Structures are given as C-alpha cells and as structure tokens.
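Me: I would like to go through this model and ask what lies behind the terms used for it.

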Amino acid sequence: MTATLPLEAETAAHRTERIPVAILGATGSVGQRFVQLLENHPWFRVHEVVASDRSAGKTFKEAADWRLESLVPEETAGLTVKSLDAELESRLLFSGLDSSVAGEAEDDYSNRGCAVISNSRNHRMAADVPLLIPEINAEHIDALETQKQRRAGGGYIVTNPNCSVMGLAIALAPLHKIFGVEAVHVTTMQAISGAGYAGVASYAILDNVIPYIGGGEEEKIEAEPRKILGDWKNGKFEDAPMTISAQVNRVPVIDGHLMTISARLQHKASLDAIREALESFTGEPQRLGLPSAPKHPIHYIDSTDRPQPRLDRDRDRGMAVTAGRLRKCPILDFRLVALVHNTIRGAAGAAILNAELLKARNLL
Ligand SMILES: NC(=O)c1ccc[n+]([C@@H]2O[C@H](COP(=O)([O-])OP(=O)(O)OC[C@H]3O[C@@H](n4cnc5c(N)ncnc54)[C@H](OP(=O)(O)O)[C@@H]3O)[C@@H](O)[C@H]2O)c1
C-alpha cells in the first residue's frame with residue numbers, strides 16, 4: 001500500500017486484513033486505552049496482550065481491572081495474557097509498559113525485528129529514536145534508517161512524548177514555525193490517570209493539589225519539546241533553541257492535563273496573528289486522512305473560562321488539543337491555556353497515530 005491511495009480505498013482494502021498487533025502493558029491505564037481505541041480500527045487488530053507475571057496466564061478480562069466507560073471489547077476479552085519473555089507472533093507492538101521494564105523489553109523486541117511504538121520515557125531522547133508527533137515532525141521518521149543499522153533484526157522503536165509535552169508541543173508548534181518561540185513558562189495541572197491506576201492514593205489527592213510529580217516530570221517537559229520542535233539534519237537531531245521552565249501539579253481530575261503557558265517570540269506578533277496560527281494549524285495526518293487524525297489538531301475556544309478538563313478533553317475523539325484565554329503577558333509576549341487528553345492524545349491515541357503514519361509511509 002502507498003500513502004497516495006485515497007483513504008476510503010485504503011481502508012476498504014484493509015478491513016479484512018488488519019495487521020495483528022501486540023499490546024505490551026495491556027492491563028494498565030494506557031494499555032486499556034489501546035485496547036479500547038483499537039476495537040474496530042480499520043488497519044490494526046489486537047492479537048496479543050502482554051503484562052507482568054501477576055497477569056500472565058489469565059484471560060485479559062480476568063487480568064485487567066477495566067476502568068473505561070465502554071465495555072471490554074469482545075475480540076480482546078478472551079485473549080490469554082502473555083508474559084514479557086514470551087515469543088510474540090505480532091511484528092507491530094504498542095507499548096504501555098511501566099518504565100521500570102520498558103527500556104530493556106522494547107530494546108529486546110526491536111532487536112528481534114519488531115516495530116515498537118512506545119509511550120514510555122526510556123528511549124525518547126535517544127540519538128536515533130524519533131520522538132514523533134506526526135503533525136509537527138513527520139520527517140523525524142528518517143532517523144529510523146540510522147536506528148535500524150544498530151538493530152540485528154531490522155526492527156525499530158518510535159516514541160511519543162510525555163502526556164503534558166503533547167499538549168505543550170502542539171500548542172507551540174504553529175507559533176514556533178511562524179514566529180520562533182524563544183522562551184516558555186508552563187504550569188501544568190495534571191490528571192490522576194497520568195500516574196497509572198495505582199499511582200496516587202485517593203486519600204492523598206482528594207480535596208488537595210500536590211505540587212510535585214516524580215519521575216523527572218518537569219525535566220521531561222523542559223527537554224522533550226526542544227527535540228520535537230527541532231530538526232533531523234545530517235544524521236542528527238538538532239534541538240530547537242528555546243528555554244522552557246516547567247512547574248507541575250497533580251490535581252483531582254480523572255482525565256485531561258490542563259496547562260497555563262506564557263511565551264516570548266523571536267518575531268513579535270499580534271494576538272490575532274497568534275490565534276490565526278493556532279486555528280489554521282494542520283499537518284501530515286490531516287493531509288493523509290489517517291484514521292485517528294483529529295480534524296483540527298488545535299481547537300480554539302472563545303469563552304473566558306475554557307478549556308476545562310471535564311468539558312473539553314474529548315474534543316475530536318480526545319485527539320485534539322483545546323486552547324483558549326489567549327492574551328498579552330506583561331512579562332513575556334503572550335499567554336494562553338491548553339488542554340490535552342492525557343491517555344488518548346497524550347498516550348495511546350498518539351502511538352496509534354504514529355503507527356498509522358508509519359503504515360502510510362510503508363514502514364510497517
Ligand atoms: N497514564 C498516562 O497518562 C501516560 C501518558 C503517557 C505516557 N505514559 C507512560 O506509559 C507507561 C504506562 O503507564 P500507565 O499509566 O498505563 O501505567 P500502569 O497503569 O501502572 O500500567 C503499567 C503496565 O505495565 C505492566 N507491568 C508492570 N510491571 C511489569 C513487569 N515487571 N513486567 C511486565 N509488565 C509489567 C503492568 O502489568 P500488570 O497489570 O500485570 O501489573 C501494566 O500493564 C509508563 O511508562 C508511563 O510513564 C503514561
């Protein structure tokens with residue numbers, strides 16, 4: 001199949017021969033979203049599910065404490081959960097593994113010839129691993145040629161960013177492209193699903209805000225957008241030359257990371273020009289009509305009190321970033337508020353969109 005086929009023809013041709021995929025970490029927060037989003041996916045079908053020894057040997061339905069609003073998809077419910085050392089039949093793996101095991105396991109599978117599309121932090125900043133957001137840096141896929149050279153089986157790893165970085169990078173991308181973003185201050189209010197099911201005790205988060213998130217959250221938010229918004233040039237990633245200062249908070253919201261952003265631009269711009277850049281932003285997934293692509297990567301809302309997690313996180317099936325409250329900043333140039341659904345656009349949905357781009361480019 002080629003990327004030039006019209007989407008409808010492409011979809012019809014593959015409805016009967018969907019690519020079998022495995023989900024690593026299928027029982028977790030992100031893993032369950034993969035299972036949900038892949039039900040009825042036109043190009044991929046869940047063939048294998050993998051989790052820890054606690055879950056291995058049980059059916060998916062027995063092993064996963066299912067917490068999503070839809071029912072467990074029938075095609076996955078009866079699959080037997082495999083352990084990480086199992087031989088897999090699938091060549092395309094979606095990973096929502098805990099980062100304590102993701103590094104080694106993802107390396108292992110990609111060295112055995114698999115395409116691993118990962119959510120974990122372990123390989124994001126590696127010198128030949130794309131930190132991919134198809135609307136922003138589809139050309140970073142070229143790094144796979146370099147990566148494949150060091151992998152015996154010709155497999156590879158592609159990653160998507162930290163869930164807050166997804167909202168921040170998408171909001172900044174059109175502005176960086178047109179005006180150049182020099183400096184950013186961002187404060188996040190992050191949902192509890194971002195910590196995994198067992199992540200934050202209800203006694204700690206109810207009636208509370210916790211001004212700290214472990215695992216180097218602030219450092220990730222300060223580093224990852226620079227790689228995403230940078231270039232792949234002469235066999236190397238070159239970071240975008242911007243400084244980012246991040247402060248993070250865990251708040252008692254189930255899904256949806258909200259963030260307030262202030263930024264300084266290299267070329268000064270009016271608020272109207274900034275808004276126009278946000279609203280007209282579009283990229284490769286929209287051009288190719290990829291199945292999981294949002295119609296618009298950024299939706300701007302005019303109301304003075306939006307975006308809000310409960311009201312705005314599911315816009316465009318959870319795949320769009322919602323922005324609002326654009327105004328001048330008395331310290332930097334402008335400020336705004338952005339919202340991203342952390343387990344859909346910030347995790348499983350992002351990885352599926354990455355795989356769709358790889359398929360459209362004949363890389364699967
Ligand atoms: N949640 C988010 O919003 C989000 C967003 C972006 C990225 N991420 C990243 O995605 C990954 C998964 O996050 P999560 O929130 O889904 O975590 P989670 O709910 O804790 O799920 C972790 C998954 O990893 C499996 N696992 C744990 N230890 C294992 C082991 N020793 N061997 C094999 N499998 C093991 C678990 O299986 P069992 O159920 O059998 O223990 C479970 O399926 C993390 O790396 C996280 O940083 C999360």
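Me: Is the crossing of α2 and α14 left-handed or right-handed?
Reply: The model is a predicted one. In it, the crossing of α2 and α14 is right-handed.

Me: Why are α2 and α14 called oblique to each other?
Reply: Their axes pack at an angle of about 50° and are 9 Å apart. Roughly parallel requires an angle under 35 degrees, and roughly perpendicular runs from 65 to 115. The angle of about 50° fits neither class, so α2 and α14 count as oblique.

Me: What makes α8 and α11 oblique?
Reply: Helix α8 covers residues 163-179 and helix α11 covers residues 271-279; their axes cross at roughly 120° and come within 8 Å. Roughly perpendicular ends at 115 degrees, and roughly antiparallel applies over 145. The pair is therefore oblique. The handedness of the α8 and α11 crossing is right-handed.

Me: How do you know that the ligand has polar contacts with G25, T27 and G28?
Reply: The cut-off for a pair of N or O atoms is 3.5 Å. An oxygen atom of the ligand is 2.6 Å from an N or O atom in the T27 side chain. For G25 the partner is a polar backbone atom, 3.1 Å from a ligand oxygen. For G28 a polar backbone atom is again involved, at 3.2 Å from an oxygen of the ligand. Each of these distances is within 3.5 Å, so each pair counts as a polar contact.

Me: How much of the ligand does the protein bury?
Reply: The ligand alone exposes 910 Å², and 81% of that is buried by the protein.

Me: Which residues and elements surround the ligand?
Reply: The shell holds 27 residues, the closest being T27, V30, S52, R54 and S55. Two or more residues come from each of α2 (29-38), α5 (99-111) and α14 (344-360). By class, 16 are polar, 9 nonpolar and 2 charged.

Me: What makes the bond between R306 and P307 worth a remark?
Reply: Most peptide bonds are trans. The one joining R306 and P307 is cis, with omega about 5°. P307 sits in the loop between β12 (298-301) and α13 (309-312).

Me: What is the phi of N234, and where does N234 lie?
Reply: Most residues other than glycine have a negative phi. N234 has a positive phi, near 50°, and lies in the loop between β8 (231-233) and β9 (236-238).

Terms used
Residues are numbered from 1 along each chain as its sequence is written. This is a predicted model: local features need pLDDT of at least 70, side-chain atom pairs count only at pLDDT 80 or more; totals for chains, interfaces and linings use all residues. Side-chain values use heavy atoms; hydrogens and water are left out. A residue is near a molecule or strand if one of its heavy atoms lies within 4 Å of it. A polar contact is a pair of N or O atoms within 3.5 Å; within protein, one must be able to donate a hydrogen and the other to accept it, and residues adjacent in sequence count only if both atoms are side-chain atoms. Accessible areas come from the Shrake-Rupley method with a 1.4 Å probe; for residues, only the protein chains shown count as cover. Helices (H or I, at least four residues) and strands (E, at least two) are DSSP runs, numbered from the N terminus. Ala, Val, Leu, Ile, Met, Phe, Trp, Tyr, Cys and Pro count as nonpolar, Asp, Glu, Lys and Arg as charged, and the others, Gly among them, as polar. Axes are lines fitted to C-alpha atoms, for helices over the stretch in contact, and angles run from 0 to 180 degrees between N-to-C directions. A crossing is left-handed if the near helix is turned anticlockwise from the far one by less than a right angle, and right-handed if clockwise.
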